[in-house]
Amino acid sequence: MSNTADRHSTDQVRAAIAAERREFAELLDALPAEKWDAPSLCGGWRVREVAAHMTMGFRYSLPKMARELVRARGSLDRMTDHCARADAAAHSTAELAAFLRDNAHHPWKPPVGGIAAALGHDVIHGLDITVALGMDRRVPEDRLRVLLGTVTPRTARFFKADLGGVRLRATDLDWSYGTGAPLSGTAQDLLLLAYGRRLPAGHLEGEHQTRFTLR
């Protein structure tokens, strides 16, 4: 692929990130107050903790991030959990939505995975909220295809997704992954599985569906 094509691809992903953040900020703005305290697909986090975590990269400088990591004794999981809970308590729901909207073009990306990982961060955490709340938000196909193209055995291990023995097969896109017994669902639901999530009942079809269902 040429450098021009590479730049064009990166520009497309950045545009998708900006659109995802703006659209999701609008969704959060319209969310009833009681929904902010509902559980998400992220274990132990309510909607407000997920929203706080989604905007953490915009609000924390590298020195502050380093201080928080030291405070968490080097544990990234402990650090993100503490920060999400503290920020969710410190900021109003309107502020959390505004952080996302006002930083639509912020260049933040995770330490690994590059620009596609930044899109994944926004899309997956958005689904953590909408799927848990039973909202029928459909992530646009172009964004899903970027992320589905990054699913590999390595990324599955990174996200602690146990996909052994199943073949994920999307019902709304021409996409499949893995080998084994067929497990069918929408592309965005299968993407959640690849990121280590479990889903509410009724989202999947296949003999192994209960293995990936919330209990």
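A crossing of two helices is called left-handed if the near helix is turned anticlockwise from the far one by less than a right angle. Keep that in mind for a later stop on this tour, and remember throughout that the model on your screen is predicted.

**Start with confidence**

Colour the chain by pLDDT before selecting anything else: the protein averages 94, and 96% of the residues score at least 70. Now select residues 1-8, where pLDDT stays under 50 and for which the model has 1 contact beyond four places in sequence. Where pLDDT is low, the predicted coordinates should not be read in detail.

**The helix pair H2 and H6**

Next select helix H2, residues 47-54, which is mostly covered, with 8 of its 8 residues buried. The buried residues of H2 include Val47, Arg48, Glu49 and His53, so that you will find charged-looking names beside Val50, Ala51, Ala52 and Met54 in the buried list.

Add helix H6, residues 93-102, and turn the view until both helices can be seen: H2 and H6 pack at an angle of about 35°, and their axes are 9 Å apart. This is the place for the opening definition, as H2 passes H6 in a left-handed crossing. To see what makes the contact, show the side chains of Arg48, Ala51, Ala52 and Met54 on H2, together with Thr93, Leu96 and Leu100 on H6.

While H6 is still selected, pick out Phe99, which is found in this helix. Phe99 touches Thr55, Phe58, Arg59 and His91, leaving aside residues up to four places away in sequence. If you then draw a distance from the C-alpha atom of Phe99 to that of His208, which is 109 residues further apart along the chain, the separation is 39 Å.

**The three-stranded sheet**

Move on to the strands, which form an open sheet of 3 with the order E2-E1-E3 and mixed pairing. Strand E2 (176-177) and strand E3 (181-185) are the edge strands, each pairing on one side only. Strand E1, residues 166-170, pairs with E3 in the parallel sense over 5 bridges. Two places to look along this pairing are Ala170, whose bridge partner in E3 is Gly185, and Leu168, which stands opposite Leu183 in E3. Although E3 is an edge strand, it is mostly covered, as 4 of its 5 residues are buried.

**The nonpolar cores**

Which residues does Leu168 touch, not counting those up to four places away in sequence? Show Leu163, Trp175, Ser176, Tyr177, Leu183, Leu190 and Leu193, and you have the set. Leu168 also belongs to the largest nonpolar core, which has 36 residues, and is listed with Leu163, Trp175, Leu191 and Leu193 as having the most contacts inside it. The elements giving two or more residues to this core are helix H1 (3-29), helix H7 (114-133), helix H8 (141-148), E1 and helix H10 (187-194), and H7 gives the most, with 7 residues. Apart from this core lies another, of 22 residues, among them Trp36, Val50, Ala51 and Phe58. In soluble globular proteins, nonpolar side chains tend to be buried together.

**A last stop in H7**

Finish by selecting Thr130, which lies in helix H7. Is Thr130 buried or exposed? Thr130 counts as buried because its relative accessibility is 1%, and the cut-off for buried is under 20%. Its contacts, again without residues up to four places away in sequence, are Phe24, Leu27, Met135 and Arg137.

How values were computed
Residues are numbered from 1 along each chain as its sequence is written. This is a predicted model: local features need pLDDT of at least 70, side-chain atom pairs count only at pLDDT 80 or more; totals for chains, interfaces and linings use all residues. Side-chain values use heavy atoms; hydrogens and water are left out. Two strands pair if DSSP finds at least two bridges between them. A nonpolar core is a set of buried Ala, Val, Leu, Ile, Met, Phe, Trp, Tyr and Cys residues joined through side-chain atoms within 4.5 Å. Buried means under 20% relative accessible area, exposed over 50%, partly exposed in between (1.4 Å probe, protein chains only). Contact means heavy atoms within 4.5 Å. pLDDT is the predictor's confidence in each residue, from 0 to 100. Axes are lines fitted to C-alpha atoms, for helices over the stretch in contact, and angles run from 0 to 180 degrees between N-to-C directions.
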